[in-house]
Amino acid sequence: MPQFYLPGPWESQKPTTLTPEVAHHLRVRRIQTGEFFPVFDGKGQVAKGELLSLSGKTGQVQLTDIRKDTHRETPYAITLAQGLAGGDKMDWIVEKAVETGAQNIAPMQCERSILKLTRSSDAERAQKRLAHWEGIIQAACEQCDRTVLASLEPIQTFEGYLKTTPKPALKLLLSPDATKSLYSVLIENEPQDVVLMIGPEGGHSPEEEAQAEAAGYQLVSLGERVLRTETAGVVAITAVHSVWNPEMQNRLK
């Protein structure tokens, strides 16, 4: 049974009210009164819930064995700075980034992005997309048993994101034309927070690559093949784990 996201705060001595979403999922899975199911609060706490009642869009659950459990999180934080991709590609990218271990996702409007969401007239549409992606993050965490929700940054322009990149962090831009490999750079550096910057369809423009280098990014390659934008981030995240945290890589298999 997958775990269910139930926001805190929790109290072990009092019943907790179910959210409409959890109530719906429990009903779909035919969980009966008196049965137990796992929950997490998105901040690293987990518990065992006993269903006390379920009616309409709500219900009551008694939480026991409340404890901290973040063993699926790595000591270094991976940020996926992803150029906005068209169609449903961003949905897939967000889902797989969470499943493979990204702690932070930063959507960027790049020069070659087909999807445009940073104009003032796009504000409402951008907020709807962000809310949709937050739902995907929650569902992905439920599926893969992560107990800490990955964070989702507001949609920014490429130039705007360069000014807000976390410091200190190892900053890498994935480019098929780079002369250095991602693997070689990871081998040369100790595990640390890392930003993996991925372009949209068509990649970053030469001007964007130059701007990124001026901002402290290293241009690195994933190998001889040119990967799709929805593939590159997943491969890069997995490569980081394989070099810096082999045990985490084994759990992802």
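Two strands pair if DSSP finds at least two bridges between them. Strands here are DSSP runs of E with at least two residues, helices are runs of H or I with at least four, and both are numbered from the N terminus.

Hi everyone, a quick word on what we are looking at. This is a predicted model, where local features need pLDDT of at least 70, side-chain atom pairs count only at pLDDT 80 or more, and totals for chains, interfaces and linings use all residues. Residues are numbered from 1 along each chain as its sequence is written, and side-chain values use heavy atoms, with hydrogens and water left out.

Let's begin with strand 10, residues 170-174. Four bridges tie strand 10 to strand 12, residues 194-198, and the two run parallel. Within that pairing, Lys 171 sits opposite Val 195 of strand 12. Strand 10 is also joined by three bridges to strand 13, residues 218-221, again in parallel. There, Leu 174 faces Val 220 of strand 13.

So, how many of the residues in strand 10 are buried? Five of five, where buried means under 20% relative accessible area, exposed means over 50%, and partly exposed is in between, with a 1.4 Å probe and protein chains only. In a regular strand, side chains alternate between the two faces of the sheet. In strand 10 both faces are covered: Leu 170, Leu 172 and Leu 174 are buried on one side, and Lys 171 and Leu 173 are buried on the other.

Now to another sheet. It is open, has five strands in the order 1-3-4-5-2, and its pairing is mixed. Its edges are strand 1 (4-5) and strand 2 (16-17), each of which pairs on one side only. Inside this sheet, strand 4, residues 45-55, and strand 5, residues 58-68, run antiparallel and share nine bridges. One of the facing pairs is Glu 50 with Gln 62 of strand 5.

Helix 1, residues 20-28, lies across strand 1, strand 3 (36-40), strand 4 and strand 5, at about 75° to strand 4. For that angle, axes are lines fitted to C-alpha atoms, for helices over the stretch in contact, and angles run from 0 to 180 degrees between N-to-C directions; contact means heavy atoms within 4.5 Å.

Last, the cysteines. How many disulfides does the structure hold? Zero, a disulfide being a pair of cysteine sulfur atoms within 2.5 Å. The sulfur of Cys 141 has its closest cysteine sulfur in Cys 144, and at 5.6 Å that is too far for a bond. Cys 141 is buried at 0% relative accessibility, whereas Cys 144 is partly exposed at 22%.

Thanks, everyone!
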